[in-house]
Amino acid sequence: METKEKRRFSVRDMALCALFAAILAVSAWLTIPGPVPFTLQTFAVFAALGLLGGKRGTIAIAVYLVLGAVGLPVFSGFRGGFGVLLGSTGGYIAGFLLSGLLYWAMTALLGDKVWVRLLAMVLGLVLCYAAGTAQFMVVYLRDTGPIGLGAVLAKCVVPFLIPDACKLALAWLLSARLSRYLK
């Protein structure tokens, strides 16, 4: 049995995490407006995870969230602040971190195989949708009134299924080809 030596978090690792946090911010600024904005964040999240691995990718996502929470305008529409995370789209943004944690756990437990990465990305996207949908319903209930799950899914998930699947597939394909250069 081969034992893995614990690797220190190097300056290179920190630089890559910072770079992908910046890429996440830029991907959020490329927006098609709507109740839940259409951005390239999904692509950037899964590219970070696929290219950097679970640990560094999740740290990059966490750095991005912290930058936004403290008020830097890194979220869609050049918004920032803790209020955005508590708003109607905040659950989807927080879902990115949940996706990263799930990806990290799955690749740690099942190995960093191509099929594991794809499954982790797909399940991470489902988890992101679940977190975002739940928060959207709570915020909508608070601000407007009751809304059914079907209405929220039709408004906040269904329109994004095909675009997000395309972004996820592209991130997976790129990471399968390029990840060895960043390890």
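This is a walk through a predicted model, from a buried salt bridge to the helices and surface around it.

Let us start in helix H1, which covers residues 11-29 and holds Asp13. Is Asp13 buried or exposed? Asp13 has a relative accessible area of 1%, so it falls under the 20% cut-off and counts as buried. An acidic side chain in such a place invites a look at its partners. One of them is the backbone nitrogen of Ser10, which lies 3.0 Å from a polar atom of the Asp13 side chain. Setting aside neighbours within four places in sequence, Asp13 is in contact with Arg7, Arg8 and Arg56.

With Arg56, Asp13 forms a salt bridge, and the closest N and O atoms are 2.9 Å apart. Because Asp13 sits in helix H1 and Arg56 in helix H3, this pair ties together parts that are 43 residues apart in sequence. Both Asp13 and Arg56 are buried.

How many salt bridges does the structure hold? There are four, and two others are worth a visit here. Lys167 pairs with Asp164, with the closest N and O atoms 2.9 Å apart. These two residues both belong to helix H8, residues 161-178, and are three residues apart, about one turn of the helix. An α-helix has 3.6 residues a turn, so residues three or four places apart point the same way. Like the Asp13 pair, Lys167 and Asp164 are both buried. In another salt bridge, the side chains of Asp143 and Arg142 meet at 2.8 Å, N to O. Here Arg142 is exposed, because its relative accessibility of 57% is over the 50% cut-off.

Arg142 also leads us to helix H4, where Leu86 is found. Leaving out neighbours within four places in sequence, Leu86 is in contact with Gln135, Val139 and Arg142. Leu86 itself is partly exposed, with a relative accessible area of 49%. For a sense of scale, the C-alpha atoms of Leu86 and Met121 are 24 Å apart in space, and the two residues are 35 apart in sequence.

Back in helix H3, the next stop is Thr58. Thr58 is buried, with a relative accessible area of 4%. What does its side chain reach? The Thr58 side chain comes to 2.9 Å from the backbone oxygen of Gly100. Beyond residues up to four places away in sequence, Thr58 touches Leu49, Gly53, Leu97, Gly100, Leu101 and Trp104.

Gly100 takes us into helix H5, where it is one of the buried residues. Others buried in H5 include Gly90, Gly91, Tyr92, Ile93, Gly95 and Phe96, and further along the helix Ser99, Tyr103, Met106 and Thr107 are among them too. Which helices do these buried residues pack against? Their partners are H2, H3, H4, helix H6 (114-143) and helix H7 (149-156).

The length of H5 can be checked with a little arithmetic. H5 has 21 residues, 90-110, and at 1.5 Å a residue they should span 30 Å; the end C-alpha atoms are 30 Å apart, so the expectation and the model agree. Following H5 comes Gly111, with a positive phi near 95°.

One more residue of H5 deserves a pause: Leu101, which is among the residues that Thr58 touches. With a relative accessibility of 42%, Leu101 counts as partly exposed. The C-alpha atoms of Leu101 and Ala120 are separated by 9.8 Å, while the residues are 19 apart along the chain.

The walk ends on the surface. Val26, Trp29, Leu30, Leu40 and Phe78 form a nonpolar patch there, with about 460 Å² of accessible area together. Within this patch, Leu30 lies in the loop between H1 and helix H2 (41-52). Leu30 is partly exposed, at 49% relative accessibility. Phe78 comes from another loop, the one between helix H3 (54-69) and helix H4 (82-86). With a relative accessible area of 52%, Phe78 counts as exposed. Its backbone is also worth a look: Phe78 has a positive phi of about 55° although it is not a glycine.

How values were computed
Residues are numbered from 1 along each chain as its sequence is written. This is a predicted model: local features need pLDDT of at least 70, side-chain atom pairs count only at pLDDT 80 or more; totals for chains, interfaces and linings use all residues. Side-chain values use heavy atoms; hydrogens and water are left out. Helices (H or I, at least four residues) and strands (E, at least two) are DSSP runs, numbered from the N terminus. Buried means under 20% relative accessible area, exposed over 50%, partly exposed in between (1.4 Å probe, protein chains only). A polar contact is a pair of N or O atoms within 3.5 Å; within protein, one must be able to donate a hydrogen and the other to accept it, and residues adjacent in sequence count only if both atoms are side-chain atoms. Contact means heavy atoms within 4.5 Å. Patches are made of residues with over 30% relative accessible area and no salt bridge: like charges are joined within 9 Å, nonpolar side chains (Val, Leu, Ile, Met, Phe, Trp, Tyr) within 5 Å. Accessible areas come from the Shrake-Rupley method with a 1.4 Å probe; for residues, only the protein chains shown count as cover. The expected span of a helix is 1.5 Å times one less than its number of residues.
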